[in-house]
There are 2 protein chains.
Amino acid sequence: MTDQPTKRPNLPLAGVRVIDFGQIYQGPYATLLMAKAGADVVKVEPLTGEPMRNRARTSKGAGIPLAMLNSNKRAITLDLKTEQGKQLLKDLVKQADVLLENFTPDVMTKLGVGWEVLHEINPRLIYASGSGYGLSGPDRDAMAMDLTVQAASGIMSVTGMPDGPPMKCGAAVVDFMSGIHLYGAVMTALYERTFTGVGRLVEVSMQEAVFPALASNLGMLHSQDGAVPPRTANRHGGLSVAPYNVYTAKDGHIAINAVKEVHWQGLLSIMGLEDLSDDPRFTSNKARVENMEATDALVEAWSSQHDRADIIALAREHRLPVAPVRDLVEVTNDPHMHERGMLEWIDHPVFGRIVVPTNPLRFHGADKVETVPSPEAGQHNNEVLGEWLGLSADDVAALKDDKVI
Amino acid sequence: MTDQPTKRPNLPLAGVRVIDFGQIYQGPYATLLMAKAGADVVKVEPLTGEPMRNRARTSKGAGIPLAMLNSNKRAITLDLKTEQGKQLLKDLVKQADVLLENFTPDVMTKLGVGWEVLHEINPRLIYASGSGYGLSGPDRDAMAMDLTVQAASGIMSVTGMPDGPPMKCGAAVVDFMSGIHLYGAVMTALYERTFTGVGRLVEVSMQEAVFPALASNLGMLHSQDGAVPPRTANRHGGLSVAPYNVYTAKDGHIAINAVKEVHWQGLLSIMGLEDLSDDPRFTSNKARVENMEATDALVEAWSSQHDRADIIALAREHRLPVAPVRDLVEVTNDPHMHERGMLEWIDHPVFGRIVVPTNPLRFHGADKVETVPSPEAGQHNNEVLGEWLGLSADDVAALKDDKVI
């Protein structure tokens, strides 16, 4: 890196102030990545805390997502139903670059603190809205959560066994996919603002954020002249690559995706079946697709006799696209992600020793951001209201007495 | 919007020039969103085209993803194994803001056009690398595709039936999740550059991009003191919400996630079972979780007697989080996404009448970007090499004769 022209910290979002009304997963993930890139993120919650605070009390592990997604943020409380609460928000907005919320559409507008009001107060503000179906259109007001959008978006229809029911993806891919889209939208508007001096209302719908990921399946739809594609379990969504499946190993499962002929040849070699390399059932991807059952049976007969680690070692040597199916104990202890600094063990004041992610966005050469465990609701009321608004400890105590914060 | 201080087009990324080596899904999705936000994206391919060009020839629908992900880009060809090709790239880099690639680590470095070389040529360049496991760590060189990273990341381990095999998500969530992370990383670096004047190497690993989406499942792991969580089919990943499942309807399936007590009460009301509101088996989420089989059976007995549309209409009226499980015919014809302009029917010169996405990132007040169908490989060789580098038609013809482009 060459010299920095100013004393700006060597972090991409140094100096950016974010008012974070994010709750559950979508919003908090977007603002987590902002905090990890150096922004000053202030999590704003009702006096009872965001919904995850309540959920955290239902089981030992239910608070882990809260801890995962709110590191490196400061937390304040604010009752937006009070006039003083609204005024405090307006004062904070004057100091802010970004406000992000993932309430249902119109919540903020009905409270009198929607985009138009806040844009008037601070034209530089970027206002980011995350919702299930977006701020317009006939489905705008439909209630949305990860599960229901997995249903409505088409993801469930292409997941699971061909003869089984539609199946969700076990990870909350809708919440997180839309959360990172929201991050991208805010960054784009921040960049634009350096030219225009003006912020924008940016918006992401959960449903729309996952649509593009159906690309292979939409190809299958087109191939079939518009007939609904079948679920294909672990086979290729377009049933047009083989071997492409999950196979049994002696101690679990492995996944193989033989994209190129060289992969098939390599696979024959590690299976000790080079004599099949001229077998017309298998000489091209097209042939193997036509003989998919036989192809899969061949691989399975071999893989089921070996441990995952032995298969992976051979595959690495031959540069074949093979991976172990890992469980969450293996994933959270993955030496690779720990060595890269993506995962960290921390001692959380509430949840104890847990694994948290740092930042999947890696900015080479930037300073390391040490993980600060997620705060309690309102933990930084004094600090933030003092720093941002110049309120004294007495001012803050009075607001607390009045149940404004 | 207030006055723009310059005649800059009213698009967030107006004036941003992107060299796009993206292939398959991850890279092209990131640069699609850049193009849709107003950037000048030039897709650079080997003379035989990126891998999707070849795949597009295997079945009628296999090219649909290519069409979906490359709208509004211009395309040139470049043989990076020739000296002239490398020099052309270096000349293009002098004119560019962003270079994005999702080759395996080191491909560009080995060709002599890696980050360090290009950063020297143009210190303002942002170089974005997408890969399976990132640019460092013991798994760096493992081959990666959506399927294999679904296996290695833990997603498969939490998807599917409790008594069935690990299951992939049918949508390519790993490719797309990492693609939009890459977009976010580039935008962050663009913003930072407006202060520092210097670009960065930014990096996203597919494995790391999907880890946070396991939040609920990681909570379950913690609840169980580190024992591997079971697959839960369509039930809550932490088995701590009920009703939370996919239920049979007369004409398909619906998904219900009763997050709050008011949802359960509303559900009893539309099921005509208000008399159960005092039944101790169901009076709290905790009680319903303990009686999950009975709770689910109650809902299923009702839902299976009704059509999806009738259930959804009732749910909307009571503001309940219920959604139909939609198939891809319904999704691609969704009146909501079409009305919002997220989906468009276009007449593609190669693929005919198809549905393509516009942009899940919505910048309110920005100009509309009309969809331009995805180009053929090298379609804009003359235009781009003329505009960016001042080459004449004769220069370009000579490069073509020499098989450099």
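**Entry 1: buried residues**

A residue counts as buried if 20 or more other C-beta atoms lie within 10 Å of its own C-beta atom. I keep that cut-off at hand, and I note that this is a predicted model.

I looked up helix α10 of chain B with it. Which residues of α10(B) are buried? I found B:Ala215, B:Ser216, B:Asn217, B:Leu218, B:Gly219, B:Met220, B:Leu221, B:His222 and B:Ser223. That is 9 of the 9 residues of the helix (residues 215-223), so α10 of chain B is largely enclosed by the rest of the structure.

Next I asked what covers the buried residues of α10(B). The cover includes three elements of chain A: α3 (64-69), α15 (328-332) and β11 (352-357). I also checked the backbone just after α10(B), where B:Asp225 takes a positive phi of about 55°.

**Entry 2: chain A as a whole**

I counted elements in chain A and got 18 helices and 12 strands. The C-alpha trace of chain A spans about 85 × 50 × 45 Å along its principal axes. Buried residues make up 57% of its 405 residues.

I then took the contacts in chain A with a separation of 6 or more. Of these, 69% join residues 24 or more positions apart.

The domain assignment splits chain A into domain 1 (17-211 + 336-401) and domain 2 (244-320). I noted 44 Å between the C-alpha centres of domain 1 and domain 2 of chain A.

**Entry 3: the contact between the chains**

How many residues does each chain give to the contact? Chain A gives 137 residues, and chain B gives 137 residues. On the side of chain A that touches chain B, helix α8 (residues 173-196) of chain A supplies the largest share, 17 residues. I sorted that side of chain A by class: 82 nonpolar, 39 polar and 16 charged residues.

**Entry 4: a sheet with strands from both chains**

I traced an open sheet of 7 strands with mixed pairing. Its order is β3(A)-β2(A)-β1(A)-β4(A)-β5(A)-β6(A)-β12(B). Which strands stand at the edges? They are β3 (74-77) of chain A and β12 of chain B. Each has a single partner strand, so one side of each is left without a neighbour in the sheet.

I looked at two pairs of strands. Strand β1 (residues 17-21) and strand β4 (residues 98-101) of chain A are parallel, with 4 bridges. There, A:Ile19 has A:Leu99 in β4(A) as its bridge partner. Strand β6 (residues 201-205) of chain A and strand β12 (residues 362-363) of chain B run antiparallel, with 2 bridges. A:Glu203 has B:Arg362 in β12(B) as its bridge partner.

I came back to α8(A) here. This helix lies across β4, β5 (126-131) and β6 of chain A together with β12 of chain B. It runs at about 165° to β5(A).

**Entry 5: the nonpolar core**

The largest nonpolar core has 253 residues. I asked which of them touch the most other members. They are A:Met34, A:Val173, A:Val186, B:Met34, B:Val173 and B:Val186.

I followed up A:Val173, leaving aside its neighbours within four places in sequence. A:Val173 is in contact with A:Val210, B:Cys169, B:Val173 and B:Ala213.

**Entry 6: one tryptophan**

Last, I looked up A:Trp345, in strand β10 (residues 343-348) of chain A. A:Trp345 has 13 other C-beta atoms within 10 Å, so it is partly exposed. Beyond its neighbours within four places in sequence, A:Trp345 is in contact with A:Arg353 and A:Val355. I also checked A:Thr332, which is 13 residues from A:Trp345 in sequence and 9.4 Å away in space, C-alpha to C-alpha.

How values were computed:
Residues numbered from 1 in each chain as written. Chains lettered and ligands numbered in written order. Predicted model: local features only at pLDDT ≥ 70, side-chain atom pairs only at ≥ 80, totals over all residues. Contact = placed C-beta atoms within 7 Å. Nonpolar A, V, L, I, M, F, W, Y, C, P; charged D, E, K, R; others polar. Pairing = 2+ DSSP bridges. Domains from an automatic or database assignment. Core = buried A, V, L, I, M, F, W, Y, C linked by C-beta atoms within 7 Å. Buried ≥ 20, exposed ≤ 12 C-beta atoms within 10 Å, placed from the backbone. Axes fitted to C-alpha atoms, helices over the stretch in contact; angles between N-to-C directions.
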